[in-house]
Amino acid sequence: PVYDLLEGWLRHKSDIVNFEAAKAICNIKDVTSKELYPAINVLQLFLSSPRFTLRFAAIRTLNKLAMTHTTSVQPCNLDMENLITDQNRSVSTFAITTLLKTGNEASVDRLMKQITGFMSEISDEFKVIVVDAIRSVCLKFPTKQAVMLGFLSGVLRDEGGYEFKRAVVEAIFDLVKFIPESKEAALAHLCEFLSVRVLRLLGVEGPKTANPTKYIRFIYNRVILENSIVRAAAVSALAKFGVSVEDPRLKRA
């Protein structure tokens, strides 16, 4: 069988062959934890390699694997902790985002502080990886939504390209959708970055909040200041407030 062949190559004298065999095993569809064990052992050894390329290749593979086999990757947590301070930011970014997936709730605050410290030093590509990991953690540990939302709203104000900003907005959208406790705070942060999609979300979710009128000013500004497409979305959102909110003052406005 293919697995037996790959498992044998894990003991090859070449590091590259070892890694490619381990990676191939990790990519096998419906692979079991028992089958993953020898491959993860090899990747764990590479995490402490003096060669940057091996450390990077191993942590990137474990990062991907942690999305589907979190428990299998957890034995590597201590080795990944040591990579948080790696001189190469690519390695340290993958280490922290993997630990966010495999760690427990108590470790989230500490990891978030470390991420915040070097977000300005990494490329947009790695920022997107960080944001995707944070979105997963939010859904895994809903009680940490305030910390995560604070981080996401902060990076949304930072410099960055379209894909990075889109990833942040999508993460906040997921908080609104899946964590009801975060809805009002998330909508308040999104009010500072009103796009057509955000205006549509405000039109749907805003009228359901405890104080819907606080969003009106932000939406109305878009009617005055923006281009025709955004103005149309803003008018549509305002109409939904008018229809949905039972407040005489709002009806007169």
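## A nonpolar patch on the surface

Y220, I224 and L225 come together as a nonpolar surface patch, sharing about 340 Å² of accessible area. Areas here follow the Shrake-Rupley method with a 1.4 Å probe, and for residues only the protein chains shown count as cover. Patch members have over 30% relative accessible area and no salt bridge, and nonpolar side chains (Val, Leu, Ile, Met, Phe, Trp, Tyr) are joined within 5 Å; a salt bridge is a Lys or Arg side-chain nitrogen within 4 Å of an Asp or Glu carboxyl oxygen.

This is a predicted model, where local features need pLDDT of at least 70, side-chain atom pairs count only at pLDDT 80 or more, and totals for chains, interfaces and linings use all residues. Residues are numbered from 1 along each chain as its sequence is written, and side-chain values use heavy atoms, leaving out hydrogens and water.

Y220 sits in helix α14 (residues 216–225); helices are DSSP runs (H or I, at least four residues) numbered from the N terminus. With 45% relative accessibility, Y220 is partly exposed (buried is under 20%, exposed over 50%, partly exposed in between).

## Cysteines without partners

Look through the whole structure and you'll find zero disulfides (cysteine sulfur pairs within 2.5 Å). C26 can't bond with C76, its closest cysteine by sulfur, because the two sulfurs are 9.6 Å apart. C138 is in no disulfide either: the nearest cysteine sulfur, in C191, is 19 Å away.

Both are tucked away: C26 is buried at 9% relative accessible area, and C138 is buried at 0%.

## Q145 and its contacts

Q145 belongs to helix α10 (residues 145–156) and is buried, at 15% relative accessibility. Beyond neighbours within four places in sequence, Q145 is in contact with L175, I179, E181 and S182 (heavy atoms within 4.5 Å).

Definitions and conventions. Patch = residues over 30% accessible without salt bridge, like charges linked within 9 Å, V, L, I, M, F, W, Y side chains within 5 Å. Helix = DSSP H or I, 4+ residues; strand = E, 2+ residues; numbered from the N terminus. Buried < 20%, exposed > 50% of the residue type's maximum accessible area, 1.4 Å probe, protein only.
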